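Let's take a walk through this structure together, one piece at a time. Have the sequence and the 3D view ready.

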Amino acid sequence: MGTINSALSIASQALDADQQALNVVANNVANANTPGYTEEKPNWQENSPLNIDGVTIGQGVTETGATSVRDKVLTARLDQQQQLASASGSRLTALDTLQALFTPDSGSSSSMAGDIGSDITSFFDTFSSLEANPTNNSDRQAVLSAAKTLSGDISNAAASLDSQRSALDQEASGVTSQVNSLTSAIAQLNQQIMTTSPNADAGTLEDQRQNDLSQLSKLIGINQITTENNGLAITTTSGALLVSGNSSYQMTTGTVNGVTDFFVGNTDITSKLATGGGSLGGYLTARDTDIPSVLNSLDQLAYGISTEVNTQNNAGTDLDGVTGTTANPLYIFSQPTAVSGSAASMSVVMTDPNKIAAAGAGEGTGDNSNAMTMASLANKTIVNGQTPSNYYSSFVSTLGSTVSEVQSENTAQTASVTQLQTQNDALSGVNLNDEASTLTTFERSYQAASQVFAILNSIMASALNLGEQTTVS
Amino acid sequence: MQEMGERGGHPKLKELVVEASQALARLDADRLEELALSCQALNRDLAQGDPARRDGDARASLPIECKQAQGDMAVFARVLEATRANLNVMNRLRELRAGRLEYRAGHMAYGESQIQQWRRMESGHGNN
């Protein structure tokens with residue numbers, strides 16, 4: 001009887017355990033489309049056999065709960081790559097808008113900056129026309145008209161850059177509240193996990209925390225540190241503490257030099273956030289590095305053209321026989337006092353075309369020597385050691401290279417995220433044999449891609465006669 | 001390769017490079033192996049003087065195609081580098097889990113001896 005009772009008991013327990021396991025499976029199925037859900041596997045524990053008078057009677061199995069199938073190394077890597085991809089993505093969006101500003105109008109598209117490259121050429125060409133007819137009023141009007149177009153396009157570009165900077169500032173500022181709500185949620189989840197599951201995987205609670213971490217990784221660069229009792233500390237990549245156990249530390253904002261800066265406690269972490277990753281990193285890099293760099297180039301251009309043209313016009317004689325003086329200068333453009341701000345303030349101050357000093361100093365009003373000198377400024381290195389046109393072309397080309405570089409970065413980082421996400425999805429809930437199979441696919445892909453790259457690199461090096469091949473092993 | 005635009009019997013290099021980057025992002029090993037074979041064939045044809053590229057236009061187009069594909073090639077190089085880094089992580093992860101497996105193997109060995117012991121005891125019980 002004892003044996004029959006034992007057998008029934010074992011069968012009963014096995015049925016209970018199976019029922020629990022079915023519940024786990026049902027939960028997996030129900031959550032198949034839940035974002036961030038990690039498949040759970042039932043844990044089986046053999047009941048200790050009874051030993052009565054030297055006879056051992058098995059006691060069956062008990063289902064002792066479920067364990068989520070998660071790989072923290074992989075999810076941490078995924079979060080890290082997500083931070084980089086988000087940063088380059090948001091920076092790329094900003095750079096695309098910047099580049100569009102300096103792309104000449106075509107078809108239905110219209111640029112606020114018009115076509116500064118053509119404006120520069122047209123402006124200096126009007127002096128060449130004036131050379132031929134130094135007293136001709138329409139040629140003089142054409143000089144002022146071209147000057148207005150050039151200064152208008154440059155100052156519009158500067159104003160647009162300022163608007164873009166403000167827009168990025170607002171977007172960056174808006175990230176703060178999202179970061180704070182996520183860090184608060186993670187701190188609360190930490191509390192629950194540390195209380196309810198200090199020594200084992202906390203299942204859906206850990207799923208929720210991981211989901212929040214993924215969201216946070218899209219916003220800012222973070223480091224994750226596992227603490228005791230399944231807790232998690234989170235810092236920015238520069239080390240500012242955001243979450244520790246059940247406490248979260250809010251990120252705050254303040255206006256510094258006209259833009260939003262970010263603080264944790266009293267520490268300004270803005271510059272560190274810019275290099276840290278996440279969309280906030282991208283916004284801040286565009287706001288604090290890319291746009292100021294473009295604006296500085298535009299300032300250099302405006303400063304160089306304005307000061308050199310003004311100086312040369314002031315050195316000549318106008319149609320009324322007047323030569324410019326310090327007290328009464330013959331300026332075409334507003335005279336900048338410093339490089340910074342030159343583009344925004346660039347304008348034409350001359351209203352009377354007769355004030356254009358086509359004649360050389362001491363020459364008659366019919367002379368054209370100063371008009372020739374002013375036309376020749378187009379080919380002189382008056383902007384940072386370059387001619388105005390070359391300087392502008394170079395700056396637009398540099399901007400294009402930056403956009404291209406960030407585009408490449410973003411494509412690669414997004415591909416990396418896709419790969420890791422694929423692997424994470426494939427690994428969640430597979431056995432070790434399946435895992436080996438997915439890893440084999442990864443290795444096969446890498447090897448085949450390496451082969452494709454090596455062959456194409458070789459073909460391209462030969463065809464382009466590059467001499468030195470790029471090596472990626 | 002059929003769906004790619006072709007010139008002179010070969011897919012355009014730019015399309016081939018873009019396709020390779022995309023396939024690598026998806027970890028589409030089968031597609032990448034197809035592309036590797038295509039690249040080998042392309043290289044062989046070029047080395048041997050493929051009839052499809054014998055005419056002047058087709059030959060002249062190769063450096064142009066290469067220049068057009070340079071930017072995408074840079075992207076491909078970056079994706080390859082990212083893949084290598086990811087593969088390193090995956091291998092470390094595998095080693096980590098394999099370590100756990102070894103621990104379990106040891107644990108199972110202990111369990112195995114215990115099972116043998118139970119079998120002997122139950123066998124004795126049956127004999128009684």
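**A walk through the model**

Start with a pair of strands: β9(A) and β10(A), the latter covering residues 259–264 of chain A, run antiparallel to each other and are joined over 6 bridges. To see one of these links, look for T252(A), whose bridge partner in β10(A) is F263(A). Keep in mind as you go that this is a predicted model.

The pair belongs to an open sheet of 3 strands in chain A, with the order β9-β10-β11 and antiparallel pairing. At its edges sit β9 (251–256) and β11 (267–268) of chain A, each pairing on one side only.

Now for the nonpolar cores. In soluble globular proteins, nonpolar side chains tend to be buried together. The largest core here has 76 residues, and among those with the most contacts inside it are A147(A), I154(A), L298(A) and L301(A). Helix α4 of chain A, residues 137–196, gives the most to this core, with 17 residues. Try zooming in on L301(A): setting aside neighbours within four places in sequence, L301(A) is in contact with I154(A), V383(A), P388(A), Y391(A) and Y392(A). There's also a second, separate core of 35 residues, which includes I459(A) along with L13(B), L62(B) and A82(B).

That brings us to where the two chains meet. Here 43 residues of chain A are in contact with 50 residues of chain B. On the chain A side, β3 (55–57), α2 (72–101), α10 (388–427) and α11 (432–464) each supply at least two residues. Which of chain A's elements gives the most to that side? It's α11(A), with 21 residues. Sorted by type, the chain A side divides into 22 nonpolar, 15 polar and 6 charged residues.

Note on methods
Residues are numbered from 1 along each chain as its sequence is written. Chains are lettered from A and ligands numbered from 1 in the order in which they are written. This is a predicted model: local features need pLDDT of at least 70, side-chain atom pairs count only at pLDDT 80 or more; totals for chains, interfaces and linings use all residues. Two residues are in contact if their C-beta atoms, placed from the backbone, lie within 7 Å. Helices (H or I, at least four residues) and strands (E, at least two) are DSSP runs, numbered from the N terminus. Ala, Val, Leu, Ile, Met, Phe, Trp, Tyr, Cys and Pro count as nonpolar, Asp, Glu, Lys and Arg as charged, and the others, Gly among them, as polar. Two strands pair if DSSP finds at least two bridges between them. A nonpolar core is a set of buried Ala, Val, Leu, Ile, Met, Phe, Trp, Tyr and Cys residues joined through C-beta atoms within 7 Å. A residue is buried if 20 or more other C-beta atoms lie within 10 Å of its own, exposed if 12 or fewer, and partly exposed in between; C-beta atoms are placed from the backbone.
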